Amino acid sequence: MRVSESMLSLVVLSGALICGCGGASGATPAPSAPAPAPAAAAPTVTSVSAQNGAVIVSLASATSGATIYYTLDGTTPTTSSQVYQAPFLVASNLTVKAIATSPADSASTVATKAFAPNVPPNTLVWSDEFNSSSSSPGQPDAKVWTYDTGNNGFGNNELETYCAWGSNTAPCSTANPSASVGLDGNLHIIARQVSTGTYTSARLKSQGLFSFQYGRVEAKIKIPESQGMWPAFWLLGNNISTINWPACGELDVMEHIDGSNPPLSAAGTPQGYDWVQASIHGSGLNGGTPYHPTGFFAGEWHTYGMIWSKGQVQFYVDDPTKPYETFTPGTGTWPFDTGPQFMLLNLAIGGNWPGPPDSTTVLPSEMLVDYVRIYTN
């Protein structure tokens, strides 16, 4: 049957309407751009008073799991800036700037807060005097000190089990705490032999609770002189939780081994002096020499101190005007201008450096600390 032109046009038009061919109404819409990630909550910058105008600054973000990056030199922080790990002392005029990020959020806006304490040089700005009003030995200030615990050798094949305050897990005992504030106004760190080959002691640290960068820090300490005893007052970078040792930086204000017997010379003969040592550690950076002036006895009370400024670290015993050793950037990576560090006080037993106790070792032995103080420099 012959189809007229008008009928053919109607058929074609009907087919186009049915299949949608060539019709604008059938076009696929362009995909919409994904919504941008929400920004993390900007950090809050808060502070509490320290001493003589200085403050202790804390950073926090309302975004759960956020990482906070901050600067202290007025520059804008990025995710390459130092990570906030602990409250830090501010005793100089500076500006804190911080951002927060999280896996689910983009970087926050920058939080900014300026501090102008205008503290004069050589001013005491923080201290723990280890005073107690208790009628029995008490807990070191829990707002400042926490503890390393266990007996994993701590990288040096040490023999002791470190005990926290209040631990009653054997060989630790609440009846005989390894660290306590005594009625004499001193911190007592006590090394004990609780059974053959089993030793206890304590390692206090301010990690996560208190830190500082630059200034003059000192501690008045009386150390035990006995084979295998290894007392120390030292600092580690806050960033040790994200950057391995020694890249985080270590500052040893005081270490001592060998009892009252000095190390042997290269020829194997006694060198005839008592001594302590300060040292620094970083990536490709190690150094330190013994301090042993004529008549020095390490078993007496001494003040062990460090003067820390940008690009320089100096160590002294008793007199801050007479540093006996100075370190500046040189070979290796200088980590001591990166950010704040936390403090440690401990009495190790045995290990690679001092060797084990022997028949001459006095146990129990005590490391006494009268105070730890920080001054502006």
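Phe 154 sits in the loop between strand S9 (146–148) and S10. Strands are DSSP runs of E with at least two residues, numbered from the N terminus. This is a predicted model, in which local features need pLDDT of at least 70. Residues are numbered from 1 along each chain as its sequence is written.

**Exercise 1.** Find the sign of phi at Phe 154, then decide whether Phe 154 is buried or exposed.

*Solution.*
Step 1. Phi of Phe 154 is near 50 degrees, so the sign is positive in a residue other than glycine.
Step 2. Set this against the general pattern: most residues other than glycine have a negative phi.
Step 3. The relative accessible area of Phe 154 is 18%, so Phe 154 is buried. Buried means under 20% relative accessible area, exposed over 50%, and partly exposed in between (1.4 Å probe, protein chains only).

**Exercise 2.** Place Asn 122 in the chain and classify its accessibility.

*Solution.*
Step 1. Look between strand S7 (111–115) and strand S8 (124–128): the loop there holds Asn 122.
Step 2. Asn 122 is not a glycine, yet its phi is positive, about 60 degrees.
Step 3. Relative accessibility is 54%, so Asn 122 counts as exposed.

**Exercise 3.** Determine the form of the peptide bonds that lead into Pro 171 and Pro 246, and locate both prolines.

*Solution.*
Step 1. From Ala 170 to Pro 171, omega is near 5 degrees and the bond is cis.
Step 2. Pro 171 belongs to the loop between strand S10 (160–162) and strand S11 (179–181).
Step 3. From Trp 245 to Pro 246, the bond is cis, with omega near 5 degrees.
Step 4. Pro 246 lies in the loop between strand S16 (229–237) and strand S17 (250–255).
Step 5. Recall the background: most peptide bonds are trans.

Technical notes: This is a predicted model: local features need pLDDT of at least 70, side-chain atom pairs count only at pLDDT 80 or more; totals for chains, interfaces and linings use all residues. Side-chain values use heavy atoms; hydrogens and water are left out. Helices (H or I, at least four residues) and strands (E, at least two) are DSSP runs, numbered from the N terminus.
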